[in-house]
Amino acid sequence: MSSDLIVSYDGTPNDDDALALGRLLAKTGARLALAYIRHSREFDARREELAQHDAERRLESGVAWLGDPDIPTHVVFSGSTGEGLEQLAESEQASVIVFGSDYRTPPGRAEPGTSAQRLLEGGSVAIAVAAAGLRSLGDAAIKTIAVSAVDGDTAAKETADSLAAKLGASIVELGGPPTDLIVVGSQPSASSRRITLSGSSRTMLNAVRGSVLVTPSGGPIRL
């Protein structure tokens, strides 16, 4: 069975934030999976066995954190974390890749790390970035959703409306109190099904508080 949401997970605390956001988005009924990217195989057989075991152990800890032993896991080999995740998402027909924020991010803000940032520059799959510290909020829920879209973009608004309907959330104005999720659209001039953020969108993301979901151009995300 294919997955709708791929969580990038390596066992770090900020990736626990990604687990938390993935779990919240999965309340739409979407199917969740975890992925760990290995960049190369070890030449020594014993070292390779240990490296593979370490990858699988990290994913098992993520599954245990979520409390659902049926969540599928993937160890993927790729020289680039972003490319490996994007290829897995395409093979799984997943709609969203979920990341934790960069490890230096202040609580409440969402700051993409290097791998997420690369996929925000022309990637073909929607990218979600969890607000730092989301893992520690035991009562976390997506109750409010804001939209940031440039003129001519309808994908972000349609995505937000669909999520709000499934999660029982309210659509709120951007720029008010901290929002649980901000859906950000790509420039309509971007190549179909690609992410291209405007300068104003990037500036906005540096200032807001809350988790973020960035949609490619060409159509809404349906979870």
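Let's start with two strands lying side by side: S5 (residues 126-129) and S9 (residues 211-214) pair in the antiparallel sense, over 3 bridges. To find one spot where they meet, look for Ala-128, which stands opposite Leu-213 in S9. Keep in mind as you look around that this is a predicted model.

S5 has another partner too. Strand S4 (residues 96-99) runs parallel to S5, and 4 bridges join the two. Here you can pick out Ile-97, whose bridge partner in S5 is Ile-127. How does the chain get from S4 to S5? Helix H4 (residues 114-119) belongs to the picture here: S4, H4 and S5 make a right-handed β-α-β unit.

Now look at where the side chains of S5 go. Ala-126 and Ala-128 point one way, while Ile-127 and Val-129 point the other way. Are these residues buried or exposed? All of them are buried.

Next, stay with S4 for a moment and find Val-96, which sits in that strand. Val-96 counts as buried because its relative accessible area is 0%, and the cut-off for buried is under 20%. Along the chain, Val-96 and Ser-124 are 28 residues apart, yet their C-alpha atoms are separated by 9.7 Å. For a contrast, try Glu-83 and Gly-67: these are 16 residues apart in sequence, but 28 Å apart in space, C-alpha to C-alpha.

Val-96 also leads us into the largest nonpolar core, which has 37 residues. Val-96 is among those with the most contacts inside this core, together with Leu-25, Val-98 and Ile-145. Many parts of the chain chip in: strand S1 (5-8), helix H1 (13-25), strand S2 (32-38), helix H2 (45-66), S4, S5, helix H5 (155-167) and strand S8 (181-184) each supply at least two residues. Which of them gives the largest share? That would be H1, with 6 residues. As a general rule, in soluble globular proteins nonpolar side chains tend to be buried together.

Let's move on to the pockets. The largest pocket holds about 440 Å³ of space. It is lined by 21 residues, and nearest its centre lie Ser-8, Asp-10, Asp-15, Phe-99 and Ser-115. Some elements you have already met turn up again here, since H1, S2 and H4 each supply at least two residues of this lining. What kinds of residues are they, by class? The lining of the largest pocket divides into 8 nonpolar, 10 polar and 3 charged residues.

The second largest pocket has a volume of about 300 Å³. Of the 19 residues that line it, the closest to its centre are Ala-131, Leu-134, Leu-137, Thr-179 and Asp-180. Its lining has 10 nonpolar, 5 polar and 4 charged residues.

Finally, here are two residues that are not buried. Gln-93 has its place in the loop between helix H3 (81-92) and S4. Although Gln-93 is not a glycine, it has a positive phi of about 60 degrees. Gln-93 counts as exposed because its relative accessibility is 63%, and the cut-off for exposed is over 50%. Glu-83, found in helix H3, has a relative accessibility of 48%, so Glu-83 counts as partly exposed.

How values were computed. Residues are numbered from 1 along each chain as its sequence is written. This is a predicted model: local features need pLDDT of at least 70, side-chain atom pairs count only at pLDDT 80 or more; totals for chains, interfaces and linings use all residues. Side-chain values use heavy atoms; hydrogens and water are left out. Buried means under 20% relative accessible area, exposed over 50%, partly exposed in between (1.4 Å probe, protein chains only). Two strands pair if DSSP finds at least two bridges between them. A crossover is right-handed if, with the strands pointing away from the viewer, the path from the first strand over the helix to the second runs clockwise. On a 1 Å grid over the protein atoms alone, a cavity is a set of points where a 1.4 Å probe fits but cannot get out, and a pocket is an open set with protein on both sides within 12 Å along at least five of seven lines; lining residues have an atom within 4 Å of a point. Grid points are joined across faces, edges and corners, and a volume is the space filled by probe spheres set on the points. Ala, Val, Leu, Ile, Met, Phe, Trp, Tyr, Cys and Pro count as nonpolar, Asp, Glu, Lys and Arg as charged, and the others, Gly among them, as polar. A nonpolar core is a set of buried Ala, Val, Leu, Ile, Met, Phe, Trp, Tyr and Cys residues joined through side-chain atoms within 4.5 Å.
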